[in-house]
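Visitor: Could you take me through the salt bridges in this one? I'd like a close look at who pairs with whom, and where the partners sit.

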Amino acid sequence: MGPGKKNLKATKKFEKNRLKGVLDKRKDVAKVKQRHQMNNKKKTRQAQDADFYKGSKDGDDEEAAKKPAPKGRKVNDMSVDDFFQGGFDEIIDKKSKKAGKLGKRKRDAPEGDVEMAEDSDSDNSLGIKSVASDDEDDEVDDDADRGMSKKTMDDLAEKDPEFYKFLVENDPEALDFDDDADLAEVDELSGSEDDSEEQPKKKRKKEKKVEEPEFAAVGNELTREMVASWRKAMAETHSLRAARRVVLAFRCAAVLNDEEDDPKQRYTINSPEVFNDILVLALKEIPVVMNHHLPVKESASGKVHVQTETKKFHTLSLLLKTYTSSIMHLLSTLSDDKTLKLTLSSITPILPYLLSFKKLLKALAKSIVNFWSQPASTETTRITAFLVLRRLVVIGDKGIRETVLKAVYQGLIQGSRVTNANTIQGINLMKNSAAELWGIDQAVGYTTAFTFIRQLAIHLRNSIVNNKNDAFRIVYNWQYTHSLDFWSCVLAEHCSPLKEAEAGKESQLKLLIYPLVQVTLGAMRLIPTSLYFPFRFQLVRSLLRLSRATKTFIPLASPLIEVLNSAEMKKPPKSASLKPMDFATAYKAPKSYLRTRVYQDGVGDQIVELLGEYMLLWATSIAFPELALPVVTQVKRWVKQVRSKSQGNKNVKLVGQLVLLVQKLEANAKFIEERRAKVDFAPRDRTQVEAFLRDFDIAKTPLGAYIVGQRKARAERAKLLEEARREEDRKRKEEEQAENEGEDDDDDEEGEEDDEDDEDEEMDDDDEEEDDEDDDEDEE
């Protein structure tokens with residue numbers, strides 16, 4: 001066993017390092033040589049046909065055509081290079097003549113004379129292959145013209161530049177590529193597969209294959225009749241030949257409006273109806289045909305399996321790549337919601353086949369993420385794109401999952417650059433949907449989340465160390481804000497006790513709560529000025545969500561009390577006629593709002609709301625009286641200072657709100673003390689302490705009833721503000737439309753005035769001519 005494994009390893013190493021390049025080079029040279037032979041045969045056949053029609057009888061040509069080939073050499077007389085460069089052709093031809101078999105086609109024989117073997121021992125699941133005959137001149141011409149792909153010649157140019165230069169100088173025709181050469185292999189798999197499967201093998205040998213009708217384009221123009229015939233063939237027999245033509249036509253439709261459109265396209269589309277038909281046919285039927293020929297097996301855990309080792313998959317992979325590339329190109333040109341939804345939905349069924357093509361899959365994921373994160377995308381488009389990404393994460397391996405998660409996070413950051421009342425809903429949808437992806441594979445999710453949270457910590461450290469004028473702008477922006485908020489969404493969703501109970505184990509992402517909280521607290525205290533109070537409120541809301549979902553204690557009272565004790569809230573404000581500030585869509589206050597009554601009222605509302613929500617998290621905790629005591633003391637001290645006639649801020653509304661909050665906190669503390677006096681366990685009994693008032697309805701506590709009422713009042717105000725904003729937007733659009741129509745009317749009136757002026761000028765000219773004629777008559 002030992003020596004055999006060692007020899008096998010050495011053999012593989014030799015093949016990888018030395019033999020692979022030589023074999024690839026020889027294969028490329030053999031392909032070029034074969035193409036030259038096919039072209040020479042075609043020219044010879046055309047010359048013979050021309051001589052036949054002209055009545056020419058050239059004996060020399062006939063003798064040249066009938067001249068026998070030289071005898072082949074023996075294998076022992078050949079070197080290895082001679083053998084691989086074509087010397088084996090003579091040996092194969094000689095053996096095939098002696099044996100009298102038709103299983104292999106000869107390299108020197110014309111393609112029109114090729115016949116396929118009907119071996120009874122064959123158990124080929126691909127069905128009977130199509131046969132070319134002498135009468136089918138069109139098919140022969142197509143096969144003769146079929147060249148090498150451009151990729152093969154590019155590889156040859158890299159591996160052997162001298163030979164490539166020789167081809168450029170001596171045979172430039174060899175570099176005329178056929179883009180459809182690779183897809184032509186799909187035709188070999190097309191045919192009556194269903195019929196051959198139903199019939200017994202003995203009957204299969206005696207019956208000839210029924211050729212499918214050729215769907216040739218007249219003048220290369222695509223018509224609705226052609227599309228209908230392809231649809232019928234794909235629906236009835238799942239024809240791969242029809243699928244190939246549909247993919248080629250779909251590629252032409254995808255690049256139809258491209259400025260750099262290739263004039264050598266297979267089909268031309270001149271009708272919008274044909275364009276719509278071919279798009280619908282390709283997007284709906286190609287996945288069905290692929291699933292018929294290559295069924296996808298899915299396990300209960302969501303893993304999929306496709307037989308990628310078969311020849312059929314190797315051949316259809318070319319069609320898959322072309323189809324996917326066309327979809328990606330088409331997506332960049334679409335704007336209609338229905339067409340976008342149809343196009344994105346058609347990607348989901350073909351994802352299992354693309355798992356082997358990592359580079360193509362990476363480009364496809366980026367293209368889908370682009371639509372998911374675009375601010376201009378509608379909610380339907382975002383959800384459809386997200387479903388494709390989720391499916392890819394579920395069926396992909398760890399490498400694919402990591403690629404998709406990174407692309408999604410980058411798309412989220414790019415899509416949240418602009419945040420306003422119109423885009424905030426789309427950004428929240430992105431954060432809530434993307435958070436689900438990190439829980440599918442928590443091992444991969446932990447590594448990616450740790451990397452990105454560490455990146456946020458590095459940005460914060462750099463802004464603290466490099467204490468320059470604009471260093472803080474790395475942190476104080478919308479992208480950094482939404483990043484911290486997004487990670488709080490991820491941890492809140494997957495680290496909750498309910499999720500852990502369903503999974504039966506502790507979440508791996510729970511270890512990221514502490515670093516995220518530290519980074520968030522450090523970011524909100526970076527610049528403690530009143531200009532960035534909205535930024536602090538945004539981060540406090542993120543930590544409130546995290547604390548509420550994971551039952552983790554996070555000290556949030558201190559950042560809010562700091563805002564209350566700032567100079568902005570203690571000094572009397574100045575009056576200003578400004579709109580109330582929307583703190584949900586702002587991380588920085590405009591300078592015109594500072595020291596104004598509007599801004600002070602807004603900040604006070606945020607403090608009361610957030611402080612009440614924070615204390616509500618622990619309203620049923622046995623330690624609530626001790627937790628509320630420092631907050632009550634600080635707020636009472638502030639109220640006493642601002643009520644001073646000489647130093648007070650004279651804001652009665654804010655003082656009244658804080659006094660009411662203090663009363664509710666004291667009432668709730670008294671409620672807990674009464675319940676706590678009846679227990680019979682010590683503080684060291686952690687199980688009983690955590691079970692204290694666990695099932696008690698929090699809305700029935702004094703603080704809970706107050707917060708619930710405040711939530712309803714805020715929801716009503718937010719609804720009214722949203723309706724007012726929409727009404728304002730509607731009026732603004734109507735005014736803009738009226739202005740545009742007015743400009744068009746002005747242009748029409750100016751045109752009419754110009755016409756009237758021209759008519760007046762013509763009438764004046766006629767009058768002058770008549771006066772001149774009268775003068776002439778008088779003179780006579």
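Guide: Here is a walk through the salt bridges, with a little background first.

This is a predicted model, so to speak: local features need pLDDT of at least 70, side-chain atom pairs count only at pLDDT 80 or more, and totals for chains, interfaces and linings use all residues. Residues are numbered from 1 along each chain as its sequence is written, and side-chain values use heavy atoms, with hydrogens and water left out.

For the backdrop, the protein has 29 helices and two strands (DSSP runs numbered from the N terminus: H or I of at least four residues for helices, E of at least two for strands). Of its 780 residues, 39% are buried (buried is under 20% relative accessible area, exposed is over 50%, partly exposed is in between, with a 1.4 Å probe and protein chains only). Take contacts (heavy atoms within 4.5 Å) between residues at least 6 apart in sequence: 71% of them join residues at least 24 apart.

Now to your salt bridges. The whole structure holds 30 of them, each being a side-chain nitrogen of Lys or Arg within 4 Å of a carboxyl oxygen of Asp or Glu.

Start with Arg 401 and Asp 441, whose closest N and O atoms are 2.8 Å apart. Arg 401 belongs to helix H16 (residues 398-415), while Asp 441 is in the loop between helix H17 (424-437) and helix H18 (442-465), so this bridge ties together parts 40 residues apart in sequence. Arg 401 is buried at 9% relative accessible area, and Asp 441 is buried too, at 15%.

Next up is Glu 562 with Arg 525, where the closest N and O atoms are 3.3 Å apart. This pair links distant parts of the chain, 37 residues apart: Glu 562 is in helix H23 (residues 557-564), and Arg 525 is in the loop between helix H21 (513-524) and helix H22 (533-550). Here Glu 562 is partly exposed at 35%, and Arg 525 is partly exposed at 33%.

Then there's Glu 666 and Lys 636, bridged at 2.6 Å from N to O. Glu 666 sits in helix H27 (residues 652-676) and Lys 636 in helix H26 (residues 624-642), 30 residues apart. Glu 666 is partly exposed at 34%, and Lys 636 is partly exposed at 44%.

Finally, some bridges share partners: Arg 541, Arg 548, Glu 609, Glu 613, Arg 711 and Arg 714 are joined that way into one network.
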